[in-house]
Amino acid sequence: MGGSNGHIFAADLAASGVDHELLNVAAPTRRSLAVVEHGTGRTTVINERGDALSPREWESLRSRISLLLDRGVSVLVASGSLPYDADEDFYPWCVREATRRGIPSIIDTSGPALLAAARAGATVLKPNHHELADVTGEKTLGGGAAKLLAAGARHIYASAGEDGLFHFSADRPGHWETARLATPLVGNPTGAGDSAVAAIAMGLHAGEDHASVILPRAAAWSASAVLMPTAGQLHPSHLEILTNLILSSATSL
């Protein structure tokens with residue numbers, strides 16, 4: 001965290017009650033702004049780009065992560081776009097450090113960093129359908145997921161808007177499961193993907209089954225986050241949403 005935005009971020013974390021550790025850096029914490037049109041349901045998200053970190057700050061971050069992983073952590077989540085001029089090996093390093101300790105890793109990013117994390121053997125990758133197509137050049141979710149699984153990832157959770165959340169596994173090539181709502185929800189999608197990642201992390205922590213437990217919960221949490229005016233909360237109806245999901249599976253020929 002850095003600058004005045006970083007102080008706001010730190011205050012929000014403290015107020016939330018979430019246990020946390022922050023690393024102070026010179027660059028200001030970036031912001032994401034969401035403009036929601038209540039009449040049409042359309043949302044415009046404006047993401048600032050993160051400023052570069054110094055080599056010393058990158059080294060401090062790596063050291064802090066290593067210390068945290070040695071405290072008995074059960075799941076590592078590394079998410080977000082990388083700042084300008086970032087260390088391209090950072091996300092692969094996170095995966096390798098987690099794997100070395102027997103800890104599952106979830107990487108939620110885009111672009112070359114997503115492919116690099118797959119090649120490092122990430123347990124879970126969480127792209128949306130646009131990010132998946134951009135990094136693999138494939139037009140279909142199945143084709144894109146197959147490339148990332150072949151590169152070394154174990155599981156792919158790909159969100160596809162109204163079509164729901166898809167799960168692909170290296171254990172079952174060409175097979176996938178989906179969870180979706182019968183009717184799309186209208187609201188603010190900011191944080192919906194992060195809510196899905198939180199559900200996946202909880203499932204890995206508990207050792208739950210991907211298809212029957214983790215996938216439906218991730219889809220329900222993601223959908224319920226859309227109903228909240230700001231990111232970071234689940235709508236009280238998330239358990240009801242879970243029971244109303246349409247679950248299906250398919251295998252390509």
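What follows is a walk through the sheet, one helix, the aromatic rings and a few single residues of this structure.

The model is a predicted one, in which local features need pLDDT of at least 70 and side-chain atom pairs count only at pLDDT 80 or more, while totals for chains, interfaces and linings use all residues. Residues are numbered from 1 along each chain as its sequence is written, and side-chain values use heavy atoms, with hydrogens and water left out.

Let's start with the sheet. Helices (H or I, at least four residues) and strands (E, at least two) are DSSP runs, numbered from the N terminus. Seven strands build an open sheet with mixed pairing, in the order β3-β4-β5-β6-β7-β8-β9; two strands count as paired if DSSP finds at least two bridges between them. Strands β3 (76-79) and β9 (246-251) sit at the edges with a single partner strand each, so one side of each has no neighbour in the sheet. The edge strand β3 pairs with β4 in the parallel sense, over four bridges, and A78 has I107 as its bridge partner in β4. Further along, β6 (residues 155-159) and β7 (residues 165-169) run antiparallel and are joined by five bridges. Here I156 has F168 in β7 as its bridge partner. Back in β3, L76 and A78 make up a covered face, while V77 and S79 make up an uncovered one.

On to helix α3 (residues 90-100). How many of the residues of α3 are buried? Eight of its 11 are, which leaves the helix mostly covered. "Buried" stands for under 20% relative accessible area, "exposed" for over 50%, and "partly exposed" for anything in between (1.4 Å probe, protein chains only). The buried residues of α3 are F90, Y91, P92, W93, C94, V95, E97 and A98. Their cover includes α2, β3, β4 (105-108) and α4 (112-119). The charged name on that list is worth a look: E97 counts as buried, at 12% relative accessibility. Leaving aside neighbours within four places in sequence, E97 is in contact (heavy atoms within 4.5 Å) with S66 and L69. After α3 comes G102, with a positive phi near 75°.

Next come the rings. A search of the whole structure turns up five aromatic pairs. Rings of Phe, Tyr and Trp (its six-membered ring) pair if their centres lie within 6.5 Å; planes under 30 degrees apart count as stacked, over 60 as edge-to-face and the rest as tilted. One of the pairs is W58 with F90, tilted, at 5.1 Å centre to centre and 55° between the planes. Since W58 belongs to helix α2 (residues 55-69) and F90 to α3, the pair ties together parts that are 32 residues apart in sequence. Both W58 and F90 are buried. Another tilted pair is F168 with W176, at 6.2 Å centre to centre and 40° between the planes. In this pair F168 is buried at 5% relative accessible area, whereas W176 is partly exposed at 23%. Ring pairs also link W58, F90, Y91 and W93 into a cluster.

The loop between β3 and α3 holds both L82 and D85. At 25% relative accessibility, L82 is partly exposed. Apart from neighbours within four places in sequence, L82 touches D87, F90, Y91 and A113. The C-alpha atoms of L82 and N24 are 17 Å apart, with their positions 58 residues apart along the chain. As for D85, this residue is exposed, at 61% relative accessibility. Most residues other than glycine have a negative phi. Against that background, D85 shows a positive phi of about 60° although it is not a glycine.

Last up is K126, in the loop between β5 (124-125) and α5 (129-136). Which side chain of opposite charge is nearest to K126? That is D108, 5.2 Å away, and K126 is buried yet has no salt bridge. A salt bridge needs a side-chain nitrogen of Lys or Arg within 4 Å of a carboxyl oxygen of Asp or Glu; Lys and Arg count as positive and Asp and Glu as negative, with His and the chain ends not counted. What K126 does have is a polar contact from its side chain to the side chain of S159, at 3.0 Å. A polar contact is a pair of N or O atoms within 3.5 Å; within protein, one must be able to donate a hydrogen and the other to accept it, and residues adjacent in sequence count only if both atoms are side-chain atoms. Not counting residues up to four places away in sequence, K126 touches I107, D108, E131, Y157, S159, L165, G193, A196 and V197.
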